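The following exercises concern salt bridges, a domain interface and a buried polar residue. Each task is followed by a solution that proceeds step by step.

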Amino acid sequence: MRSPLRTLTRRGLLTGTVGSAALLATAGTLAGCGTKGAQQTEAGCRSDDLSATEKKLAFSNWPQYMDTDEKNAAKRPTLDAFVAASGIQVTYTEDVNDNNEFFGKVQNQLAGCQSTGRDIMVLTDWMAARMIRLGWVQKLDKAKIPNVEANLLPSLRGRSFDKDTQLAVPWQSGLAGLAYNAKVTKEIRTVDELLTRADLKGKVTVLSEMRDTMGLLLQAGGHDPANFTPAQFDDALNKLRKAVDSKQIRRFTGNDYAPDLAKGDIAACIGWSGDVIQLGFEDAKIKFVVPESGVMLWSDNMLVPNKATHRANAEALMNHYYDPAVAAKLAAFVNYICPVQGAQAEMEKIDPELAANPLIFPDDAILAKSKVFMALDEQREKEYETKFQQVIGA
């Protein structure tokens with residue numbers, strides 16, 4: 001079963017009633033996380049693991065990010081299999097609707113070295129990096145996650161915020177690139193085309209997630225989004241500003257670009273691979289494009305927060321989902337990039353069409369052109385977000 005399009009963005013900016021101003025406030029509060037008492041250390045905030053005597057686990061995830069049974073949505077086949085095999089009872093909650101919103105839920109407890117009531121939380125790279133920077137995440141015992149050690153995709157190893165994969169394990173990944181509706185426009189291959197082509201004027205949307213949009217613009221300018229200077233950021237931002245000022249860009253969006261793209265109300269956009277895959281199931285004219293200059297790779301990551309008391313149980317679950325057969329079943333439902341080597345062969349047994357989809361199992365050519373956005377310290381994060389918000393008019 002394939003999940004319906006998600007109405008909430010997994011990426012950065014707050015949408016709806018909260019607003020982007022809250023993002024800047026959140027990024028700046030706790031002194032970006034330097035306020036006295038916010039920063040924690042492993043020695044200063046010790047966590048006791050009760051997994052040996054308490055066979056339970058509290059798991060916070062995003063909506064529609066777990067496989068469910070086609071006939072009974074209350075059943076979650078891969079999670080139910082874990083419970084049956086391990087005896088660990090899992091309280092599964094879909095309460096991560098936005099990275100910043102979730103940060104607001106847990107920041108007081110984690111800043112004060114208190115329990116959040118969660119053993120696993122799933123957060124996007126940049127928020128995972130912030131949590132790690134603050135010292136709010138427990139280190140994992142690699143001996144208890146051998147499947148992760150063996151099967152994590154090479155492209156997701158050695159990330160700048162977690163070089164040794166001791167703190168953040170990818171749950172699912174995805175690409176930010178270009179998309180277009182072939183019913184209303186001709187093929188698009190480059191970011192520069194999107195931002196300047198005359199026939200697209202006023203028919204373009206761009207993501208309100210700074211890291212994805214600016215990452216693509218940095219690549220288009222010949223810069224490395226995994227390692228760039230403030231001057232290079234400003235150079236890319238100037239290109240975006242020109243496209244805003246010229247009215248090339250209609251608006252900035254979260255996932256809400258998807259219905260407009262499907263209807264042809266917009267012709268092309270910066271979008272996410274999982275959304276476009278799902279649109280493509282309904283209409284083959286909806287295309288995802290890896291720009292010639294490169295594509296952005298992101299992950300949503302499993303983290304064990306400080307004071308979680310079931311770390312070993314959490315590690316057992318992580319290990320379960322890095323079994324290629326289990327990973328394939330999950331990927332068949334969520335349609336994002338599967339971070340597990342060996343899952344593609346297992347997917348062939350489930351759905352050969354999905355197994356051949358390079359947006360779920362990217363080939364070496366795509367991965368060679370993919371970049372993870374550079375981890376930012378608090379000062380740079382606030383500076384870049386503020387500049388970006390000023391340009392997009394949020």
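**Exercise 1. A network of charges**

Which residues are linked in a network of salt bridges? Describe the pairs that involve glutamate 381.

*Solution.* The model examined here is predicted.

Step 1. The network consists of Arg130, Arg133, Glu209, Arg211, Glu381 and Glu385.

Step 2. The side chain of glutamate 381 forms a salt bridge with that of arginine 130, at 3.2 Å from N to O. Glutamate 381 belongs to helix H17 (residues 378-392) and arginine 130 to helix H5, so this pair ties together parts that lie 251 residues apart in sequence.

Step 3. The side chain of glutamate 381 also meets that of arginine 133 in a salt bridge, with 3.5 Å between N and O.

Step 4. Accessibility is assessed next, with buried meaning under 20% relative accessible area. Glutamate 381 is buried because its relative accessible area is 2%. Arginine 130, at 1%, is likewise counted as buried.

**Exercise 2. The domain interface**

Characterise the contact between domain 1 and domain 2, beginning with the division of the chain.

*Solution.*

Step 1. Domain 1 covers 56-173 + 299-360, and domain 2 covers 174-297 + 376-392. Their C-alpha centres are 27 Å apart.

Step 2. At the interface, 15 residues of domain 1 are in contact with 16 residues of domain 2.

Step 3. The size of an interface is often expressed as the accessible area lost when the parts come together. Here the two domains bury about 1300 Å² between them, and 60% of that area is on carbon and sulfur atoms.

Step 4. The count of salt bridges between domain 1 and domain 2 is 2. In addition, 3 residue pairs are found in polar contact across this interface. On the side of domain 1 that touches domain 2, helix H5 (residues 125-133) supplies the largest share, 4 residues. The residues of that side comprise 8 nonpolar, 4 polar and 3 charged.

**Exercise 3. Two further salt bridges**

How many residues apart in sequence are aspartate 283 and lysine 183, and how many separate glutamate 383 from arginine 380?

*Solution.*

Step 1. A search of the whole structure yields 22 salt bridges. One of the salt bridges joins aspartate 283 to lysine 183, with the closest N and O atoms 2.7 Å apart. This pair links distant parts of the chain, 100 residues apart. Aspartate 283 lies in the loop between helix H11 (273-282) and strand E8 (286-289), whereas lysine 183 lies in the loop between strand E4 (169-181) and helix H7 (191-196).

Step 2. Aspartate 283 counts as buried because its relative accessible area is 19%, the cut-off being under 20%.

Step 3. Glutamate 383 forms a salt bridge with arginine 380, and their closest N and O atoms are 2.8 Å apart. The two residues are 3 residues apart in helix H17, so about one helical turn separates them.

Step 4. Glutamate 383 is partly exposed, at 23% relative accessible area, and arginine 380 is partly exposed, at 30%.

**Exercise 4. The setting of serine 299**

Is serine 299 buried or exposed, and which residues does serine 299 touch?

*Solution.*

Step 1. Serine 299 is located in strand E9 (residues 295-303).

Step 2. Its relative accessibility is 1%, so serine 299 counts as buried.

Step 3. Leaving aside residues up to four places away in sequence, serine 299 touches Leu123, Thr124, Asp125, Leu156, Arg159, Pro170, Gln172 and Ser173.

Step 4. The side chains of serine 299 and serine 173 are joined by a polar contact of 2.7 Å.

Key: Residues are numbered from 1 along each chain as its sequence is written. This is a predicted model: local features need pLDDT of at least 70, side-chain atom pairs count only at pLDDT 80 or more; totals for chains, interfaces and linings use all residues. Side-chain values use heavy atoms; hydrogens and water are left out. Domain bounds come from an automatic or database domain assignment. Contact means heavy atoms within 4.5 Å. Buried area is the accessible area (1.4 Å probe) that two parts lose on being put together, summed over both. A salt bridge is a side-chain nitrogen of Lys or Arg within 4 Å of a carboxyl oxygen of Asp or Glu. A polar contact is a pair of N or O atoms within 3.5 Å; within protein, one must be able to donate a hydrogen and the other to accept it, and residues adjacent in sequence count only if both atoms are side-chain atoms. Ala, Val, Leu, Ile, Met, Phe, Trp, Tyr, Cys and Pro count as nonpolar, Asp, Glu, Lys and Arg as charged, and the others, Gly among them, as polar. Buried means under 20% relative accessible area, exposed over 50%, partly exposed in between (1.4 Å probe, protein chains only).
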